[in-house]
Amino acid sequence: DDFLGELVVTAEPLAGGLVYAAYATKDVVLFTDGDVDMFDVRVQMPTDATKAETDAVLREVEERLLAYDDPNVEAIVAARGLTRTAMGVDRGDHVGMVTVYMKPQDLRESLRSGTELLDQASGAMDDIVGPISLEVIEYRPGPPRGAPVAVRIFGDDMGQITELGRTVAEEVRQTPGARNVAIDFELGKRELQVEVDEERAAMHLLTPPQVALWLRNAFGAFPVATLRDGDEEIELVVRLDDEARADASKLEALTLVTPDGSSVRLGDIATIVPGRGPAVIRHRDRERVVKVTSQIDDGETSAEVNRRLLERLEPLIAANPSIRFELGGEYERTNESLESLANAFILALLLVYTILATQFRSFIQPLVVMAAIPLSFIGVVVGFFVSGAPIGLIALIGVVGLAGIVVNDSLVLVDFINQRRKRGMALD
């Protein structure tokens with residue numbers, strides 16, 4: 001035990017130093033991908049954009065891609081009316097996408113032809129006028145992994161988190177390594193917004209919910225009667241005509257019947273103003289959320305870009321204590337995977353120690369056997385540095401599996417020593 005302990009104490013600092021060097025200098029990219037086979041230029045126009053306006057932008061994108069005349073491209077397809085998103089597919093006249101299909105790998109001029117074209121396209125679309133969002137994103141089939149950079153802003157006030165979302169988007173644009181910044185908030189179509197004055201409404205024994213219910217009835221939300229035509233029931237609705245529903249002055253002139261039987265003009269208790277509300281209100285964990293996403297430049301890692309971004313966001317986070325900011329996407333998944341692997345490694349060590357302690361009937365010798373595990377990291381770290389590749393998920397799983405392999409070898413060695421010492425052989 002003394003001899004083995006001296007050997008371990010001598011070698012452990014070398015293993016620890018190499019592991020720290022790898023931790024400080026090597027990038028962690030859980031899923032290392034090959035060249036790009038297919039990518040989208042996803043266009044999102046304002047909600048009230050016409051088909052012609054969306055077509056014009058898609059045509060401009062298509063022409064810029066064709067201008068590259070890249071021999072590695074097999075096809076370019078433009079489509080209006082739908083676009084891919086992280087959650088599936090978005091539809092509407094205000095969205096569209098242009099998809100670039102690369103030739104098979106063995107027919108390309110280089111191993112990075114697809115990646116190079118994607119990087120070129122990413123920097124060539126920024127000056128296109130019209131879209132509220134234009135993203136150049138690699139498409140890979142399978143479950144969504146999340147954007148490399150994704151900042152979620154949680155809060156109760158939709159206006160406040162939307163404004164903060166725009167501020168965060170601007171910070172992301174100024175962060176080195178980030179590109180194709182997008183925010184998932186979009187304005188809805190033009191509408192008339194009825195703002196009820198609660199004090200004036202109360203003077204007529206009305207509340208905002210009662211006014212809202214009356215407006216729903218006026219717009220035909222509820223049937224007023226039912227007719228029977230044979231075995232079929234037909235619901236009758238009474239609603240304002242299209243002209244009245246789109247004219248603020250006509251809506252203000254409408255009268256409501258109050259609980260005491262009198263009447264009051266809508267314009268006397270409310271203000272009707274044109275505006276645009278959100279097209280959709282998104283929730284996560286039952287909280288309202290706005291998300292800002294971006295891709296990263298080739299050669300950058302999600303962890304490094306998110307670290308730079310977090311430094312820029314610290315003053316904004318400190319100035320808004322009631323708002324919760326959260327880093328998600330690929331960065332979040334990477335941290336979750338690393339934490340899961342760390343827990344699995346600790347559990348594996350505990351199980352190995354338990355089995356060895358039972359076999360050797362000793363609390364010390366299992367530690368001697370397991371001392372080989374950190375020593376094995378010497379070869380692991382040297383291999384990472386020699387390859388030059390970032391640390392990936394498969395490599396980390398291999399490190400966990402390696403613990404079992406080296407324990408087998410160490411176990412045989414210690415058992416051999418125990419057998420020889422029982423026969424009277426000297427320790428040296």
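These legends walk through several views of one predicted model.

**View 1. The whole chain, spread out rather than balled up.** Start with the full predicted model. Its secondary structure adds up to 14 helices and 15 strands. The radius of gyration is 32 Å, well over the 22 Å that the globule rule gives for 428 residues, so the chain is more spread out than a compact globule. Along the principal axes, the C-alpha atoms fill a box of roughly 110 × 60 × 60 Å. Buried residues account for 35% of the 428 residues. Of the contacts between residues at least 6 apart in sequence, 74% join residues at least 24 apart. The chain exposes about 24,900 Å², with carbon and sulfur atoms supplying 56% of that area.

**View 2. Helix H11 and its neighbours.** How far apart are the end C-alpha atoms of helix H11? They are 47 Å apart, which agrees with the 46 Å that the 32 residues of H11 (residues 329-360) should span at 1.5 Å a residue. The buried residues of this helix include Gly 329, Glu 332 and Thr 334. Further along come Leu 341 and Phe 345, and then Leu 356, Ala 357 and Phe 360, which are buried too. Have a look at what they pack against: strand S5 (149-154), strand S13 (283-284) and strand S15 (324-327) are among the partners. The other partners include helix H12 (365-370), helix H13 (372-387) and helix H14 (393-422). Right after H11 comes Arg 361, whose phi is positive, near 55 degrees.

**View 3. A network of charged side chains.** Here Arg 152, Glu 287, Arg 324, Glu 326 and Glu 332 are linked through salt bridges. Glu 332 is also one of the buried residues of H11 from the previous view. Side chains of opposite charge can pair when their charged atoms come close. Across the chain, the count comes to 28 salt bridges.

**View 4. Asp 127 and Arg 64, a link between distant parts of the chain.** These two residues form a salt bridge, and their closest N and O atoms are 2.5 Å apart. Where do the partners sit? Asp 127 is in the loop between helix H3 (113-122) and strand S4 (133-138), while Arg 64 belongs to helix H2 (residues 51-67), 63 residues away in the chain. Asp 127 counts as exposed because its relative accessible area is 54%, whereas Arg 64, at 21%, is partly exposed.

**View 5. Salt bridges at helix H7 and Lys 250.** Asp 242 and Arg 245 meet in a salt bridge, 2.5 Å from N to O. Both lie in helix H7 (residues 242-245), three residues apart, which is about one turn of the helix. Asp 242 is exposed at 55% relative accessibility, while Arg 245 is partly exposed at 21%. Now find Glu 243, which pairs with Lys 250; the closest N and O atoms of that salt bridge are 2.7 Å apart. Glu 243 is exposed, with a relative accessible area of 52%, and Lys 250 is partly exposed at 35%.

**View 6. A nonpolar patch on the surface.** Which residues make this patch of about 430 Å²? Val 224, Leu 227, Ile 234, Leu 236 and Val 238 do. Ile 234 sits in strand S9 (residues 232-236). Is Ile 234 buried or partly exposed? With a relative accessible area of 34%, Ile 234 is partly exposed.

Terms used:
Residues are numbered from 1 along each chain as its sequence is written. This is a predicted model: local features need pLDDT of at least 70, side-chain atom pairs count only at pLDDT 80 or more; totals for chains, interfaces and linings use all residues. Side-chain values use heavy atoms; hydrogens and water are left out. Patches are made of residues with over 30% relative accessible area and no salt bridge: like charges are joined within 9 Å, nonpolar side chains (Val, Leu, Ile, Met, Phe, Trp, Tyr) within 5 Å. Accessible areas come from the Shrake-Rupley method with a 1.4 Å probe; for residues, only the protein chains shown count as cover. A salt bridge is a side-chain nitrogen of Lys or Arg within 4 Å of a carboxyl oxygen of Asp or Glu. Helices (H or I, at least four residues) and strands (E, at least two) are DSSP runs, numbered from the N terminus. Buried means under 20% relative accessible area, exposed over 50%, partly exposed in between (1.4 Å probe, protein chains only). The expected span of a helix is 1.5 Å times one less than its number of residues. Contact means heavy atoms within 4.5 Å. The radius of gyration is taken over C-alpha atoms; the globule rule is 2.2 Å times the number of residues to the power 0.38.
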